[in-house]
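Colleague: Could you walk me through this model before I start using it? I would like to hear what to trust and what to look at.

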Amino acid sequence: MTIPHQEHICGPGCQHGASPADEKLIREEFQVARRSFLRDAMVVGGGAVSAGAISGAMAPSRAFAQGAPGARAGQGMASHYYIPASASTVLWGYFSRSAKPVVEVESGDYVTMETLTHHANDDAERMVRGDPGAESVFHWDSQRKNVDRRGAGPMDAKNGAGAGQGVHICTGPVRIKGAQPGDVLEVRIIDVVPRPSGNPQFKGRTFGSNAAANWGFHYGDTLTEPRKREVVTIYEVDATGERNWARAVYNYRWTPQTDPFGVVHPTIDYPGVPVDHRTISKNENVLRNIRVPVRPHFGTIGVAPAEVEMASSIPPNHTGGNIDNWRIGKGATMYFPVAVPGANFTVGDPHASQGDSELCGTAIECSLTGTFQLVLHKKADLPGTPLAELAYPLLETQDEWLLHGFSYANYLAELGPDAQNQIFKKSSVDLALRDAYHKMRHFLMTTQGLGEDEAISLMSIAVDFGITQVVDGNWGVHALVKKSIFPARGA
């Protein structure tokens with residue numbers, strides 16, 4: 001069903017007057033990537049645009065219909081916005097409580113957001129070339145780079161503006177009208193699809209990069225020399241969705257790279273540095289006949305913290321961020337405590353696949369497009385509900401609840417003025433497990449009405465604790481409990 005034409009709603013950086021050819025190209029690429037989900041629904045623009053109204057309950061049939069833009073989830077119709085990735089719609093490497101929102105939405109509205117991997121320049125031919133959005137974000141020549149600040153660090157840092165103190169390309173922020181500290185934002189992940197390569201040579205395919213990097217848990221603990229080496233492996237994914245596994249294409253060892261401003265990067269120390277493939281040696285006979293299951297998800301997702309003006313995108317925190325849990329994909333729902341007015345929701349660090357621990361430093365970093373429904377739960381309505389007292393990022397899947405523990409539950413508040421540097425010296429799995437235990441105990445006691453002794457017994461016999469990641473500064477342990485063990489509500 002085709003949505004009738006709706007009035008264009010602009011976001012920052014919106015550019016009117018796109019040529020008919022450009023509009024046709026963008027619309028066709030979007031239709032291929034989204035397949036049947038949003039066919040013929042987008043109104044093209046340079047910033048966030050409205051795509052009309054969408055069924056508020058997002059029924060399995062995903063029927064579209066025209067309705068009142070202000071309607072809330074479960075009350076009829078809700079507006080649907082589309083945010084393309086461009087230099088004007090992303091924050092590179094940080095969350096910000098005061099960044100100007102790309103768009104403001106009502107509770108219950110839907111937002112389709114393009115997300116780009118910050119590792120795309122590991123192979124620009126496959127992941128940047130021919131893709132207008134990626135070219136906009138990654139443009140960097142001797143005169144300028146379109147997104148200058150990359151991280152929350154100083155602008156005059158030797159390795160580049162922002163110092164790479166935060167590396168992920170985060171699309172947004174999206175402001176939720178009426179959101180205030182103490183509220184809870186529910187983020188329903190409706191759909192996730194790969195972003196096709198824009199290079200005609202690789203039509204129907206998309207690519208991702210895995211970097212066994214200097215921040216990896218393995219670094220220096222290897223069998224062969226050089227012990228401290230960084231290795232990039234490029235993977236291919238079927239962009240049409242017909243094949244549910246990825247394959248390795250080639251790998252190479254990082255060599256010192258000179259960026260367009262003349263700065264030499266002996267290691268991977270700054271995001272988006274273009275890799276000159278004339279300086280590397282490709283090994284194409286790697287991981288032969290290995291099929292890596294594809295499970296697309298977002299490594300970085302959350303709302304802005306209140307403690308600092310700009311927070312690095314690397315360490316996760318109580319408001320979300322770089323959680324790096326592969327279960328945060330299609331069909332899942334995340335809950336975040338709102339810390340600042342408007343919440344300032346952002347998402348990025350898209351992954352094609354990742355294992356628990358993300359051991360060597362990254363996942364298969366692969367650009368994706370996600371569709372989300374944003375539902376605001378007001379503080380006054382929380383008492384007596386499972387979201388009461390929620391002070392951490394909570395993940396719900398069809399069958400499970402997952403709580404995320406970190407070495408420091410709120411490192412920005414706990415570690416003082418230099419928290420964004422100190423966190424990288426203080427993380428441990430022990431601390432993260434202790435935090436996950438505390439959170440699961442609270443969850444069982446408050447949402448299920450269990451006593452402390454009951455909760456502790458249940459945690460030992462029915463809760464799975466797993467290592468989420470050991471590479472993001474603030475290390476993570478998740479606690480997973482099956483919904484099926486609890487009685488039905490009202491039983």
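Modeller: Happy to; what follows is a short round of questions and answers.
This is a predicted model, where local features need pLDDT of at least 70, side-chain atom pairs count only at pLDDT 80 or more, and totals for chains, interfaces and linings use all residues. Residues are numbered from 1 along each chain as its sequence is written, and side-chain values use heavy atoms, with hydrogens and water left out.

Colleague: Thanks! What pLDDT does the protein average?
Modeller: The score called pLDDT is the predictor's confidence in each residue, from 0 to 100. At least 70 is reached by 84% of the residues. The average for the protein is 88.

Colleague: And over which residues does pLDDT stay under 50?
Modeller: There are stretches to treat with care, since where pLDDT is low, the predicted coordinates should not be read in detail. One of them has 83 contacts beyond four places in sequence in the model, a contact being heavy atoms within 4.5 Å; another has 57 such contacts. These contacts belong to residues 1–46 and residues 54–74.

Colleague: How many helices and strands does the protein have?
Modeller: Helices (H or I, at least four residues) and strands (E, at least two) are DSSP runs, numbered from the N terminus. Counted that way, the protein has 7 helices and 25 strands.

Colleague: What percentage of the residues is buried?
Modeller: Buried means under 20% relative accessible area, exposed over 50%, and partly exposed in between, using a 1.4 Å probe and protein chains only. Among contacts with a separation of 6 or more, 75% are between residues 24 or more positions apart. Of the 491 residues in the protein, the buried share is 57%.

Colleague: Which element gives the largest share of the lining of the largest cavity?
Modeller: On a 1 Å grid over the protein atoms alone, a cavity is a set of points where a 1.4 Å probe fits but cannot get out, a pocket is an open set with protein on both sides within 12 Å along at least five of seven lines, and lining residues have an atom within 4 Å of a point. The largest cavity holds about 90 Å³, where grid points are joined across faces, edges and corners and a volume is the space filled by probe spheres set on the points. Its lining has 15 residues, with Phe-95, Ser-312, Pro-315, Asn-317 and Gly-320 closest to the centre. At least two lining residues each come from β16 (310–312), β17 (320–322) and α4 (411–414), and the largest share, 3 residues, comes from β17.

Colleague: How many charged residues are in the lining of the second largest cavity?
Modeller: That cavity has a volume of about 80 Å³, and among its 13 lining residues Met-127, Arg-195, Pro-196, Thr-206 and Ser-367 lie nearest the centre. For the classes, Ala, Val, Leu, Ile, Met, Phe, Trp, Tyr, Cys and Pro count as nonpolar, Asp, Glu, Lys and Arg as charged, and the others, Gly among them, as polar. The lining of the largest cavity has no charged residues. In the second largest cavity the lining divides into 5 nonpolar and 5 polar residues, and the charged ones number 3.

Colleague: What volume does the second largest pocket have?
Modeller: Its lining has 35 residues, and Val-167, Asn-214, Trp-215, Ile-268 and Ile-314 lie nearest the centre. By class, these lining residues are 14 nonpolar, 14 polar and 7 charged. The volume of the second largest pocket is about 550 Å³.

Colleague: Where are the cis peptide bonds at Pro-173 and Pro-226 placed?
Modeller: Such bonds deserve a look, because most residues other than glycine have a negative phi, and most peptide bonds are trans. Gly-172 and Pro-173 are joined with omega of about 5°, while the bond from Glu-225 to Pro-226 has omega near -10°. Pro-173 is in strand β7 (residues 169–176), and Pro-226 is in the loop between β9 and β10 (231–238).

Colleague: Is Asp-324, with its positive phi, buried or exposed?
Modeller: Phi of Asp-324 is near 60°, and this residue lies in the loop between β17 and β18 (333–337). Its relative accessible area is 1%, so Asp-324 counts as buried.
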